[in-house]
Amino acid sequence: MNIAITRQVSPDINQCELTHIAREPIDYERARAQHKRYQQALRTLGLDVISLDAEPDLPDSVFVEDVALVLDECAIMLNPGAASRRPEVASVEKALAPYREIFRIQPPGTVDGGDILTVDRTVHVGISSRSTKNAIEQIKVILEPRGYQVRAVNVTGCLHLKSAVTQVSKDTLLINPEWVSRDDFPGMQFIEVDPSESYAANAILVDDTIIYPSSFPKTKAKLEKAGINLVIVDADELAKAEGAVTCCSLIFSV
Ligand code: CIR
């Protein structure tokens, strides 16, 4: 069985952290409706969706991806780079505890899950405004004995590594080459986002299908041409909080 942990949108979403985009009003009801359809898309791909209650005092808490890395062997509770987001960790840890042995990133290391892209046994970790070398060293200590390679990747111009690159099939990455280098992913093939769609590199891969936002028609056409199966969702309301589709779930097998 595959599980997706999600969390309802916080009514305080308009107080979210923003780094690379200007603040504009977020329509809470519209964000909730889009999130509900996103959860439905996860279900259509066979996932059992856990929906945690909204956290009224934690604006960014819908973005559960940032507080944990879940692998087959264990889960690592992360220490998010933004201090406002650290209280999000405890409740997600509680939800994961029945399924995985838990490890924790300790300060001064900070890392957001949005900076972690796992491809097979390689865990790529972006060095960003949120994620530090200290945290990457801690991840290495936990994962290398479990058979993973952990590699640091430079990211510029965007919030997280997964704003710049995500996996869309077994051997293919969807990438914005302005923000991350192809050279950091040896052996992989690439589909580049359309240059007019900078934020188009974020997709969720479940088996052989991706969940993909409706906002990027030109990149969507490239993906279709490459034979990728897509389930399309509207995700533009939470995009105003600098969130994309991977951010809103933690997916793992049990
Ligand atoms: C933040 O700045 O932390 C949130 N407003 C957006 C987090 C998006 N998460 C992600 O890309 N993994």
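A disulfide is a pair of cysteine sulfur atoms within 2.5 Å. By that criterion, a search of the whole structure, which is a predicted model, finds zero disulfides.

**Cysteines**

Two cysteines illustrate this result. Cys16 takes part in no disulfide, and the nearest cysteine sulfur, that of Cys247, is 12 Å away. Cys158 is likewise in no disulfide, with the nearest cysteine sulfur, again that of Cys247, 11 Å away. Cys16 has a relative accessibility of 2% and therefore counts as buried. Cys158, at 5% relative accessibility, counts as buried too. The cut-off behind both assignments is a relative accessible area under 20%.

**Strand E1 and its partners**

Strand E1 comprises residues 2–7, and five of its six residues are buried, so the strand is largely enclosed by the rest of the structure. E1 runs parallel to strand E2 (residues 47–52), to which six bridges join it. Within this pairing, Asn2 stands opposite Leu47 of E2. Between the two strands the chain passes through helix H1 (residues 28–44), and the resulting β-α-β crossover is right-handed.

E1 also pairs with strand E15 (residues 250–253), in this case in the antiparallel sense and over four bridges. Here Ala4 of E1 has Ile251 of E15 opposite it.

**The sheet E9-E10-E11**

Three strands form an open sheet in the order E9-E10-E11, and the pairing is mixed. Its edge strands are E9 (165–169) and E11 (189–192), each of which pairs on one side only. From one strand to the next, the twist averages 35 degrees. The pairing of E10 (residues 172–175) with E11 is parallel and extends over four bridges. Leu174 has Ile191 as its bridge partner in E11. Helix H5 (residues 217–225) packs on this sheet and touches E9, E10 and E11; the direction of H5 makes about 145 degrees with that of E11.

**Strand pairings**

The pairings described above with a stated sense and number of bridges are set out below.

| Strands | Sense | Bridges |
|---|---|---|
| E1 and E2 | parallel | six bridges |
| E1 and E15 | antiparallel | four bridges |
| E10 and E11 | parallel | four bridges |

In a regular strand the side chains alternate between the two faces of the sheet. For strand E1, the burial of five of the six residues accompanies parallel pairing with E2 and antiparallel pairing with E15.

Methods: Residues numbered from 1 in each chain as written. Predicted model: local features only at pLDDT ≥ 70, side-chain atom pairs only at ≥ 80, totals over all residues. Heavy atoms only, no water. Buried < 20%, exposed > 50% of the residue type's maximum accessible area, 1.4 Å probe, protein only. Pairing = 2+ DSSP bridges. Right-handed = clockwise from strand over helix to strand, strands pointing away. Axes fitted to C-alpha atoms, helices over the stretch in contact; angles between N-to-C directions. Contact = heavy atoms within 4.5 Å.
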